[in-house]
Every structure is written in C-alpha cells, then in structure tokens.
Amino acid sequence: MAQGTLRRNESSRAFRPGTTRKYRKRAILKNGECNITTSKVSQQHLRFLQDIFTTLVDAQWRWTLLVFAFSFIGSWLFFAVIWWLIAFTHGDLEEMHLPDNQAENGWVPCVFNIQSFTSCFLFSIETQHTIGYGVRTTTEECPEAIFIMCFQSIYGVMIQAFMVGIVFAKMTRPKHRTQTLLFSKQAVICQRDGELCFMFRVGDMRKSHIIGASIRAQLIRTKCTKEGEVLSQYQSELDVGADGCASDLFFIWPQIVVHRINADSPMYNMSASDLLQDRFEIVVILEGTVESTGQSTQARSSYVNAEILWGHRFEPVVFYNKESQGYEINYSRFDETTQVDTPLCSARELAEFYKIQDDYRSNGELDQWRYLLVER
C-alpha cells in the first residue's frame, strides 16, 4: 500500500502539467564522433604539418588522394626540369647533337634519346618508378646525371613507401571496425534485484570477436563547487558491468551493460521527474582488440535524458535454434524494450523506503514474539 502511494505521488510530480524535457548538447554523437572543434590555436597549421603522416591519415579521402597525386606529379616535373638542365648544359639539345645526328658526329649525350622537355619528363617517370623501357638510358659521360639517377631512385622508393603507408593506414584504421559494433538507440532504467539500474545494450555483428573487450561509462553534467565555481563539463565515472562480471566482457553475443544506482552512483538522487528536468549526457566507451587484425579499437556512443526510458527493460535477442544446433541472435529486436512496473522515485528514496519497510517488519515480528511469550 505504501509503495503504491509512493509511486502515485512520484507520478503526479513527474508528469505535472507544463513539464518539458531539457536536453544537453552532445559531446559525443550517436555514431561515436566527437562533437568538438578547435579554434584560435597558435601555429595550428604548422603543428599539423610537423605531423604530416597523421594529418593525411585523419584527412578525408579526397584530400589524401589529391596529395597523393600531386606528390608524384610534382616530383616527376621537378626531376624532369633537372634532367633538362643537365642535357641543356651538356649541349645535348643542340641541333647537331640531337639523337638523329649523334651517329654522324660521334656525340655521346648524358642520356640517350633526349630530344626535348617531354623526353626528360618521360625519363623522369621511368627512373623514379624503375619502369625501364630501354629507349632512354644514362651514359657514363656525365657524373651529375649518374648522381641524379641514384638520388631520384632512392627518393622514388621513399615517397612510394610513404604514400602507400598512408593509404594502407586509412584503409585499415581500427575505427572502421566500430561500424559493426552496435549500441542500443535508447537506454533504460528499471529495477534489478531490488535496485534501480541504468542499462544499455551493446552488440557485435561480426563473427570475428573483440578480444579483451571492456566497457566504460561517464556522466557529463554541470556541477557547482562549494566555492561557487561552475564546472559545465564535469565528468563522473559510472561503475558498469555485464551479468555478474565487472567491466570486462566475454563478447560473444549482445550484452546488457548495467550500472547499479546505489549510494556510490552520481545518479543516486535522480528520480523520474529529475530525468525530465536535468541536463546530462552519459558517454559509453567500448574498447578491445580486433581478433582478425590484432589492432586496438574503440567504439563510442552517448545517451541524453531524452533517450533514457524509465520503467523499461530490454527484450531478449539470443535464442537457441534447435535446427542449427546453435545460438541465434535476432538483431531486429536489438532496440526493443518492454514496459515494467518501476518506482518513479530516486534510488535514495527507494532505499529509505525499503529500510523503513524492513524496520517495520522486524518490529512487527518482535511484537509477535512478545505476545506469544505473554500468552504462555
């Protein structure tokens, strides 16, 4: 009776006329990207250029491919100009020293079959990429030509390794693995084993598992210190776990991650009405090692108060299939919840109610024993 009255009172307080939800602007988007931009950073471009490899890996594909193309074309043109200067200073581009007249006057050029800048450009490409068509070759006539040929060959290997490394790093970035790591669209709050619990579900669509998977959750809200300082992005760690385990997951099927709202929880004083009025964000982070590649990966998501259902519970998604003799995961029910009877008060008020109830029961039993002793 008392518990029913408590729920009715909380219901009228939570859904009173004129009540509207308040939302906090996200720091982490639902797809895991950080909703953060930087501004007014001194020497920002210089700092990014000093770490050009990471900058190109983080850049969008169109900019990476543009830099890829210009790095090769620019190097071809640069060395083509050098080859043209070598041929020009040696006199290979004079009318009597062109390839058609070299056999008559016995002229030995720095590079055979160089007639114009176009020939120098083609020879630059052949040298840098060791194509070796055999028409244009370096002679022993010019030491500077031999030096440039060696230098361009070394440079070509270095720039190819650098650019291929960037493309490979972009294609194998661990964050691409997070596209198949799922977080439930909504989180729920309901009772489990007599305690109010905040819960959300995580799942992995691939058969290659995440090794050593661990889950974390942080509550971001505004806090005012005793000195009056307002901390608008104050972070509090939420103690989370799955089933009877800690934050480490045996991630072979979707898991419901649970945060028990007890006296150590920053959500201990939050009721259903506070959920409507308060502005906060719960950031969840899943980390582990990709089984197929051995690389570490991190998947993120977040929940604001509008995405938390009070008095709901997740539907089961794992069933045993007798035909295939194995467990089957129905991802069409991954986000489905069902409504359950849940007190609308805070976890602190619920704990106080249970304490009063236990005291009442123990006092009632004591009075009953006293009555039996008196009767005897």
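A residue is called exposed when its relative accessible area is over 50%, and glutamine 325, at 55%, therefore counts as exposed in this predicted model. Glutamine 325 is placed in the loop between strand 12 (318-321) and strand 13 (326-329), where its phi takes a positive value of about 55° even though the residue is not a glycine. A further positive phi in a residue other than glycine, near 50°, is found at threonine 130. Threonine 130 belongs to the loop that lies between helix 6 (117-128) and helix 7 (143-171), and with a relative accessibility of 64% threonine 130 is likewise classed as exposed.

Two spans of the chain, residues 63-86 and residues 145-169, are listed by UniProt, in an unreviewed entry, under "transmembrane region". In the model, residues 63-86 are 100% helix and 0% strand, and the C-alpha atoms at the ends of this span are 34 Å apart. Residues 145-169 are also 100% helix and 0% strand, with a separation of 36 Å between the end C-alpha atoms.

Aromatic contacts were examined next, and the structure was found to hold 16 aromatic pairs. One of these is formed by phenylalanine 147 and phenylalanine 151, whose rings are stacked, with 6.4 Å from centre to centre and 20° between the planes. The two residues are four positions apart in helix 7, so about one helical turn separates phenylalanine 147 from phenylalanine 151. As regards accessibility, phenylalanine 147 is exposed, at 55%, whereas phenylalanine 151, with a relative accessible area of 43%, is partly exposed. Another pair, that of phenylalanine 198 and phenylalanine 200, is tilted, with the ring centres 6.0 Å apart and an angle of 50° between the planes; both phenylalanine 198 and phenylalanine 200 are buried.

The stacked pair of phenylalanine 147 and phenylalanine 151 is part of one aromatic cluster, in which Phe147 and Phe151 are joined by Phe78, Phe79 and Tyr155. Of these cluster members, Phe78 and Phe79 fall within the listed span 63-86, while Phe147, Phe151 and Tyr155 fall within the listed span 145-169.

Charged side chains placed over aromatic rings were also identified. The charged end of lysine 170 sits over the ring of tryptophan 61, at 5.0 Å from the centre of that ring. In a second case, arginine 201 lies over the face of phenylalanine 334, and the distance to the ring centre is 5.5 Å.

Notes:
Residues numbered from 1 in each chain as written. Predicted model: local features only at pLDDT ≥ 70, side-chain atom pairs only at ≥ 80, totals over all residues. Heavy atoms only, no water. UniProt positions renumbered as here; feature names shortened; annotations may be inferred. Buried < 20%, exposed > 50% of the residue type's maximum accessible area, 1.4 Å probe, protein only. Phe/Tyr/Trp six-rings, centres within 6.5 Å; stacked < 30°, edge-to-face > 60°. Lys NZ or Arg CZ within 6 Å of the ring centre and 35° of its normal.
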